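Student: I have a model open on my screen and would like to take a close look at a single part of the fold. Could you walk me through that part, and then connect it to its surroundings?

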Amino acid sequence: GNEQILDPTKVEAHVRAQMAKRKADHDAANAERKLTPAQKKEKNARKLKEDCSAGVNVAVYRVKNLANLAKKWKIEKNAQQLYMTGTVVLYQDVNIVVVEGGPKQQKKYKQLMLNRIKWEEDTYKDKEGNEHNNLCELVWEGETKQRNFGDIKFKLCPTEGFAREHFRHAGVEHYWDQAYSTAVLSVSGQL
């Protein structure tokens, strides 16, 4: 107490030195714990690659028209960035997007497909020449025991048979049946 009265500047300098030392120790400890860029990248990848040993979440989307290259790129790139597997089958006005991954990945991808990509900005002409707004809809989502596809790839199918065969090779032709039948029903106005 007497020191403060005798030399307040000296005490203040001593307190400031203690504060600076505590801050320097704190900053050094933080720097020591900080992840390297490679470790950061690996941590983010680990967080995105979910454990799918109990089951794989699958979503099947149907898009009327996938002629827009930017939207194709978004579909493919986001699936790659989220470490998802799947396929995109292009057949006339029934374009099927199948993605497989964990629940967090599916949530992010569903947000992309149904909200972030503005499908209605694109218009396309049907066989009769009538213009329609583009549309994306979730046909089915559920869980399977294992992944049926590798990295996401685009497959152009000239006929319905080719498209069904593509899904049959993966053992999931029911994805095609479901998406195609709902497309036919929606065109005929029964859905």
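Tutor: Happy to! Phe-149 sits in the loop between strand 6 (136-144) and strand 7. This is a predicted model, so please read everything below as computed from predicted coordinates. Is Phe-149 buried or exposed? Its relative accessible area is 13%, and with the limit for buried set at under 20%, Phe-149 therefore counts as buried.

What does Phe-149 touch, once its neighbours within four places in sequence are left aside? Its contacts include Thr-85, Gly-86 and Thr-87, together with Val-98 and Glu-100. Further along the chain, Phe-149 is in contact with His-166, Phe-167 and Ala-170, and also with Val-172 and Tyr-175. Between Phe-149 and Gly-171, 22 residues apart along the chain, the C-alpha separation is 9.7 Å.

Several of those partners lead us to helix 6. In this helix, residues 160-170, the buried members are Ala-163, His-166, Phe-167 and Ala-170. These four lie on the same side of helix 6, because they cover an arc of only 90° around the axis. Where does that buried set pack? Its partners are strand 2, strand 3, strand 7 (153-156) and helix 7 (173-188). After helix 6 comes Gly-171, with a positive phi near 80°.

Now let us step over to the loop between strand 2 and strand 3, where Tyr-91 lies. Tyr-91 counts as buried, at 9% relative accessibility. Not counting residues up to four places away in sequence, Tyr-91 touches Cys-157, Pro-158, Thr-159 and Glu-160, as well as Trp-176 and Tyr-180. In the other direction, Tyr-91 and Pro-103 are 12 residues apart in sequence, yet their C-alpha atoms are 28 Å apart in space.

Next come the nonpolar cores. The largest one has 19 residues, and the members that touch the most others are Ile-75, Val-97, Tyr-109 and Met-113. Which elements each supply at least two residues of this core? They are strand 1 (56-63), helix 4 (69-81), strand 2 (85-90), strand 3 (95-101) and helix 5 (103-116). A second core, separate from that one, has 18 residues, with Val-60, Val-98, Trp-176 and Ala-183 among them. Two names here should look familiar: Val-98 is a contact of Phe-149, and Trp-176 is touched by Tyr-91.

Back in the largest core, Ile-75 is a good residue to select. Apart from neighbours within four places in sequence, Ile-75 is in contact with Leu-66, Val-88, Val-97, Tyr-109, Met-113, Ile-117, Trp-119 and Phe-154. Helix 4 also holds Lys-71. This lysine is buried, with a relative accessible area of 6%. Its contacts, again without neighbours within four places in sequence, are Ile-117, Lys-118, Trp-119, Glu-121 and Asp-122. Ile-117 and Trp-119 are thus contacts of Lys-71 and of Ile-75.

On either side of helix 4 there is a loop residue to visit. Asn-68 is placed in the loop between strand 1 and helix 4, and is partly exposed, with a relative accessible area of 26%. The C-alpha atoms of Asn-68 and Trp-119 are separated by 9.7 Å, with their positions 51 residues apart along the chain. Tyr-83 belongs to the loop between helix 4 and strand 2, where it counts as partly exposed at 35% relative accessibility. Most residues other than glycine have a negative phi. Tyr-83, although not a glycine, has a positive phi of about 55°.

Finally, have a look at the largest pocket, whose volume is about 440 Å³. Its lining has 17 residues, and those nearest its centre are Lys-64, Asp-93, Asp-126, Lys-127 and Val-187. Helix 7 gives the largest share of this lining, four residues, while strand 4 (123-125) and strand 5 (131-133) also supply at least two each. By character, the lining divides into eight nonpolar, three polar and six charged residues. In the loop between strand 4 and strand 5 you will find Glu-128, which counts as exposed at 63% relative accessibility. The C-alpha atoms of Glu-128 and Glu-165 are 28 Å apart, for a separation of 37 residues along the chain.

Technical notes:
Residues numbered from 1 in each chain as written. Predicted model: local features only at pLDDT ≥ 70, side-chain atom pairs only at ≥ 80, totals over all residues. Heavy atoms only, no water. Core = buried A, V, L, I, M, F, W, Y, C linked by side-chain atoms within 4.5 Å. Buried < 20%, exposed > 50% of the residue type's maximum accessible area, 1.4 Å probe, protein only. Contact = heavy atoms within 4.5 Å. Arc of directions from axis to C-beta. 1 Å grid on protein atoms, 1.4 Å probe; cavity = no way out; pocket = protein on both sides within 12 Å on 5 of 7 lines; lining within 4 Å. Points joined across faces, edges and corners; volume = space filled by probe spheres on them. Nonpolar A, V, L, I, M, F, W, Y, C, P; charged D, E, K, R; others polar.
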